[in-house]
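Me: I would like to go through this structure by question and answer. Please keep each reply short and show the reasoning.

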Amino acid sequence: MTRRQVFTSTAALFFALLVVCYMGYQVTVNLSEKIITADAVSVTAEDVITADGVFIRSEQLVYAEAGGSVEFLAEEGAKVANGQQIASFFDDQGQLSLYRQSQALEQQIESVQYAFSHMADGSDSVKLDSLIKMNLLSMGDKLDRGALSQAEEYAAKLDAMIVQRGAAQNGQTDYASILADLESQKAAVDAQIRGGAAALAPTGGYFIGSVDGLEQTLTPQNLETLSARQIRQAMDQPAAQPAGAIGKVTDEYQWYFAALVDEEQAGRLRKLDRAVLRFHQLLAEDVVCQVESVRQDEEGQWIALFRSDYMNVALLRARDQQADIVLQTYSGLKVPKEALRQNDQGQWGAYCLEGARVVFKPVSWTFQTETYYVAEPDAEKGGLTLYDKMVVRAKNIENIKVVR
């Protein structure tokens with residue numbers, strides 16, 4: 001074999017090895033780069049802005065009519081009538097303790113009367129235990145939701161059931177003697193109580209046993225002149241407490257929330273008649289509000305004013321709060337941003353895997369988040385449908401542009 005033949009054979013062998021290596025590389029790449037898809041599932045997205053603001057209510061202060069120790073008779077957030085007694089004042093802590101002891105005995109008497117009136121219905125210990133558990137769960141649920149008045153109703157039922165359960169366990173049947181003993185104790189305590197000067201509700205409404213000094217400043221009468229500076233001061237600087245005030249009564253069955261927004265947010269809010277507000281630090285539920293006004297103050301700052309008649313003790317207590325404002329809710333199919341592409345004709349859509357084929361389907365979206373689009377299903381025109389397998393990543397799909 002000549003030198004030239006050896007060189008030719010070596011070159012041919014080298015070329016063959018190179019072809020084999022290239023083919024092996026291509027096979028490896030094709031096997032490792034599989035088509036990755038995402039299902040077009042149903043999704044609901046919300047257009048939300050977050051804003052800080054203050055609650056504004058019509059509030060009348062309740063003043064102490066006497067000195068000494070105070071005992072509130074109206075529950076926090078309770079509805080009271082004009083002239084109703086809200087609090088009693090006692091000369092010293094001893095007299096206040098006697099009053100509280102009398103009230104506790106009164107509750108025991110009511111619980112015993114209720115429990116013994118139901119002893120004849122055949123309730124056994126197993127049934128009572130079940131009822132006690134159900135009422136405990138219900139009361140806990142109401143407390144979680146901030147519904148204190150409803151939780152109080154369950155607490156009263158629990159008192160009666162516990163008394164009834166204890167009587168059943170101890171075999172007590174002389175109910176008249178038990179009631180007579182409690183009533184005798186209460187009469188003895190009442191005979192020792194002195195004082196009891198009353199504080200009356202100045203108007204009908206909802207009672208709150210605290211004040212923040214802004215009751216006469218942030219009022220519905222001043223809404224048209226309210227400035228962003230006043231809102232910030234209310235949020236940042238504590239106001240002076242009115243001397244002698246022990247609480248207040250919200251005398252209108254509605255409240256306002258004045259929120260600080262920017263110009264872009266104001267433009268979007270001005271198109272709405274109502275919006276959903278979420279106060280995550282106060283409530284678990286949403287509050288539907290009327291968009292009362294969206295305006296600029298004298299310094300050019302934007303203020304959005306919302307109004308609602310939904311009453312809740314947490315809302316009546318609060319003054320400044322951060323709120324999520326839901327402008328609109330969108331429902332449709334979830335299209336990841338990596339799946340939205342542009343075909344040769346410049347049309348936006350998604351490549352969908354149908355068996356062994358990849359089919360382009362037009363996509364029209366109504367809303368977008370940072371990671372996906374909310375698209376309208378359109379089976380009639382060959383558009384996207386529920387559970388279509390959209391190609392998120394694949395090889396050799398030409399003329400595709402991913403929207404960023």
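Me: How many bridges join β3 to strand β9?
Reply: This is a predicted model. Strand β9 covers residues 245–250, and β3 and β9 run antiparallel. One bridge pairs glutamine 60 with valine 249 in β9. The number of bridges joining β3 to β9 is five.

Me: Which strands are the edge strands of the open sheet of four strands?
Reply: The strand order in this sheet is β3-β9-β8-β5, with antiparallel pairing. An edge strand pairs on one side only. That leaves β3 (59–63) and β5 (79–80).

Me: What is the order of the open sheet of three strands?
Reply: Its pairing is antiparallel. The edge strands, each pairing on one side only, are β4 (69–72) and β7 (197–200). Neighbouring strands are turned by 30° against each other on average, direction ignored. The order is β4-β6-β7.

Me: Which residue in β6 does glutamate 71 stand opposite?
Reply: Strand β6 spans residues 85–90 and runs antiparallel to β4. Four bridges join the two strands. Opposite glutamate 71 stands serine 88.

Me: How many bridges join strand β2 to strand β14?
Reply: Strand β2 covers residues 42–56 and β14 covers residues 320–336. They run antiparallel. Within this pairing, aspartate 52 stands opposite glutamine 322 in β14. The bridges joining β2 to β14 number 13.

Me: Which residue in β10 is the bridge partner of glycine 53?
Reply: Strand β2 is also joined to β10. Four bridges connect them, and the strands run antiparallel. The partner of glycine 53 in β10 is alanine 259.

Me: Why is the pair of tryptophan 255 and phenylalanine 279 edge-to-face?
Reply: The structure holds 10 aromatic pairs. In this one the ring centres are 6.4 Å apart. Planes over 60 degrees apart count as edge-to-face. The pair earns that label because its planes stand at 65°.

Me: How many residues apart are tryptophan 255 and phenylalanine 279?
Reply: Tryptophan 255 sits in strand β10 (residues 255–261). Phenylalanine 279 is in the loop between β11 (274–278) and β12 (287–296). The pair thus links distant parts of the chain, with a separation of 24 residues.

Me: Is phenylalanine 279 buried or exposed?
Reply: Buried means under 20% relative accessible area. Phenylalanine 279 has a relative accessible area of 1%. Its pair partner tryptophan 255 has 2% and is buried. Phenylalanine 279 is therefore buried.

Me: What is the angle between the planes of phenylalanine 257 and phenylalanine 279?
Reply: These two rings form an edge-to-face pair, 5.1 Å centre to centre. Phenylalanine 257 lies in strand β10 and phenylalanine 279 in the loop between β11 and β12, so the pair ties together parts 22 residues apart in sequence. Phenylalanine 257 counts as buried, at 0% relative accessibility. The angle between the planes is 75°.

Me: Which residues form one aromatic cluster?
Reply: Phenylalanine 279 pairs with tryptophan 255 and with phenylalanine 257. Phe55 is among the residues in contact with phenylalanine 279. The cluster is Phe55, Trp255, Phe257 and Phe279.

Me: How many residues has the largest nonpolar core?
Reply: In soluble globular proteins, nonpolar side chains tend to be buried together. Here Trp255, Phe257, Leu269, Leu277, Phe279, Phe306 and Ile325 have the most contacts inside the largest core. A second, separate core of 14 residues includes Leu218, Leu223, Ile231 and Ala234. The residue count of the largest core is 31.

Me: Over the ring of which residue does the charged end of lysine 337 sit?
Reply: Lysine 334 lies over the face of tyrosine 372, at 4.9 Å from the ring centre. For lysine 337, the charged end is 5.4 Å from the centre of its ring. That ring belongs to tyrosine 373.

Me: Phi of tyrosine 387 is near what value?
Reply: Most residues other than glycine have a negative phi. Tyrosine 387 has a positive one. Tyrosine 387 lies in the loop between β19 (372–375) and β20 (389–393), and is exposed, with a relative accessible area of 55%. Its phi is near 70°.

Notes
Residues are numbered from 1 along each chain as its sequence is written. This is a predicted model: local features need pLDDT of at least 70, side-chain atom pairs count only at pLDDT 80 or more; totals for chains, interfaces and linings use all residues. Side-chain values use heavy atoms; hydrogens and water are left out. Rings of Phe, Tyr and Trp (its six-membered ring) pair if their centres lie within 6.5 Å; planes under 30 degrees apart count as stacked, over 60 as edge-to-face and the rest as tilted. Buried means under 20% relative accessible area, exposed over 50%, partly exposed in between (1.4 Å probe, protein chains only). A charge sits over a ring if NZ of Lys or CZ of Arg is within 6 Å of the ring centre and within 35 degrees of the ring normal. A nonpolar core is a set of buried Ala, Val, Leu, Ile, Met, Phe, Trp, Tyr and Cys residues joined through side-chain atoms within 4.5 Å. Contact means heavy atoms within 4.5 Å. Two strands pair if DSSP finds at least two bridges between them. Axes are lines fitted to C-alpha atoms, for helices over the stretch in contact, and angles run from 0 to 180 degrees between N-to-C directions. Lists of a residue's contacts leave out its neighbours within four places in sequence.
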